[in-house]
Amino acid sequence: MKLTDTQRAIVEFVKDDGHKSQSEIAEMLGVAKSEIRGDLALLTTLEILGARQEYGYYYQGKKNYILFAELLKSFPIENIMSMPVIVEERTSVYDAIVMMFLENVGSIYITKNGNLVGVVSRKDLLRAAIGTQDLNHTPVNVVMTRMPNIKTVEPETSVFECAKMLVESQIDGVPVIERDINEAEIIRVVGRVTKTNITNLFVRMGNDYFIEGMI
């Protein structure tokens, strides 16, 4: 959750100057006490501030769940991504199906001379398999989803942003891409991130030693 400018000002004021009453905080902000009642209630609910009648409001620091949220927003997906499964666009649908089952993945990335041009999912291949096409002679680029209709992330994209993309787009995974610094139109696939990668990260975070190593 992102704090408002007023809430951040309250936190910094209390943090720097110690225990403060509601009146002192309101005076610092130049507002009526009633205007910050909701802000103070939220900050104490989040346990960023504590409150005692005899001392007023005081800074408690960031709690574990706040650190966790910040970690997800700063932890790059290059630390959890898997190796991508890639085939060239002229690969047959049959060979793509075999590759998918051998590698046990949900999607395969399609390239042309190393450049990402599409992605094919299990659903795409199943749809092709139950049709009337000759799978051995039908290139996979006939059934793939083409660029630019593919969601992508970059190695420095945060775990939070990647997870948000998966949820909002209702997809299971995305390719991790890098753009050639000399050729702006060249998009190379360097990894993949799926819901499984993110779930595995959460499981690892359940171990104290993992969190301590990253904070």
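Trainee: Why are aspartate 124 and arginine 127 said to be separated by about one helical turn?

Mentor: Because aspartate 124 and arginine 127 stand three residues apart in helix α6, they are separated by about one helical turn; a helix here is a DSSP run of H or I with at least four residues, a strand is a run of E with at least two, and both are numbered from the N terminus. This is a predicted model, in which local features need pLDDT of at least 70 and side-chain atom pairs count only at pLDDT 80 or more, while totals for chains, interfaces and linings use all residues. Residues are numbered from 1 along each chain as its sequence is written, and side-chain values use heavy atoms, with hydrogens and water left out.

Trainee: What makes the meeting of the side chains of aspartate 124 and arginine 127 a salt bridge?

Mentor: The term asks for a side-chain nitrogen of Lys or Arg within 4 Å of a carboxyl oxygen of Asp or Glu, and the N to O distance between arginine 127 and aspartate 124 is 3.3 Å, so the pair qualifies. By this rule there are three salt bridges.

Trainee: Is aspartate 124 buried or exposed, and how do you know that?

Mentor: Buried means under 20% relative accessible area, exposed means over 50%, and partly exposed lies in between, with a 1.4 Å probe and protein chains only. Aspartate 124 has 11%, so it is buried, whereas its partner arginine 127 has 54% and therefore counts as exposed.

Trainee: How do you know that aspartate 172 forms a salt bridge with lysine 195?

Mentor: The closest N and O atoms of aspartate 172 and lysine 195 are 3.6 Å apart, which meets the limit given for a salt bridge. This pair links distant parts of the chain, since aspartate 172 is in the loop between α7 and β7, lysine 195 is in helix α8, and the two are 23 residues apart. Aspartate 172 is exposed at 56%, and lysine 195, at 40%, is partly exposed.

Trainee: Which residues of helix α1 are paired, and what makes aspartate 5 exposed?

Mentor: In helix α1, aspartate 5 and arginine 8 are three residues apart, and their side chains meet in a salt bridge of 2.2 Å, N to O. The relative accessibility of aspartate 5 is 59%, so it counts as exposed, while arginine 8, at 37%, counts as partly exposed.

Trainee: Why is threonine 111 called buried?

Mentor: Its relative accessible area is 5%, so threonine 111 is buried; its place is in strand β4, residues 107–112. Leaving aside neighbours within four places in sequence, threonine 111 is in contact (heavy atoms within 4.5 Å) with Ile86, Val87, Glu88, Glu89, Leu116 and Val117.

Trainee: What makes the 2.7 Å approach of the side chains of threonine 111 and glutamate 88 a polar contact?

Mentor: A polar contact is a pair of N or O atoms within 3.5 Å; within protein, one must be able to donate a hydrogen and the other to accept it, and residues adjacent in sequence count only if both atoms are side-chain atoms. The side chains of threonine 111 and glutamate 88 are joined at 2.7 Å, so the distance satisfies the rule.

Trainee: Which residues touch the most other members of the largest nonpolar core?

Mentor: A nonpolar core is a set of buried Ala, Val, Leu, Ile, Met, Phe, Trp, Tyr and Cys residues joined through side-chain atoms within 4.5 Å. The largest has 17 residues, of which Val93, Ile108, Ile110, Val120, Leu125, Val140 and Val143 touch the most other members. The elements giving two or more residues to this core are α5, β4, β5 and α6, and α5 supplies the largest share, four residues. A second, separate core of 15 residues includes Leu71, Ile77, Val153 and Ile198.

Trainee: What is notable about the phi of asparagine 104?

Mentor: Asparagine 104 has a positive phi of about 55 degrees although it is not a glycine, and it lies in the loop between α5 and β4. With a relative accessibility of 59%, asparagine 104 counts as exposed.

Trainee: Which kind of peptide bond joins methionine 147 and proline 148?

Mentor: The bond is cis, with omega about 5 degrees, and proline 148 is in the loop between β6 and α7.
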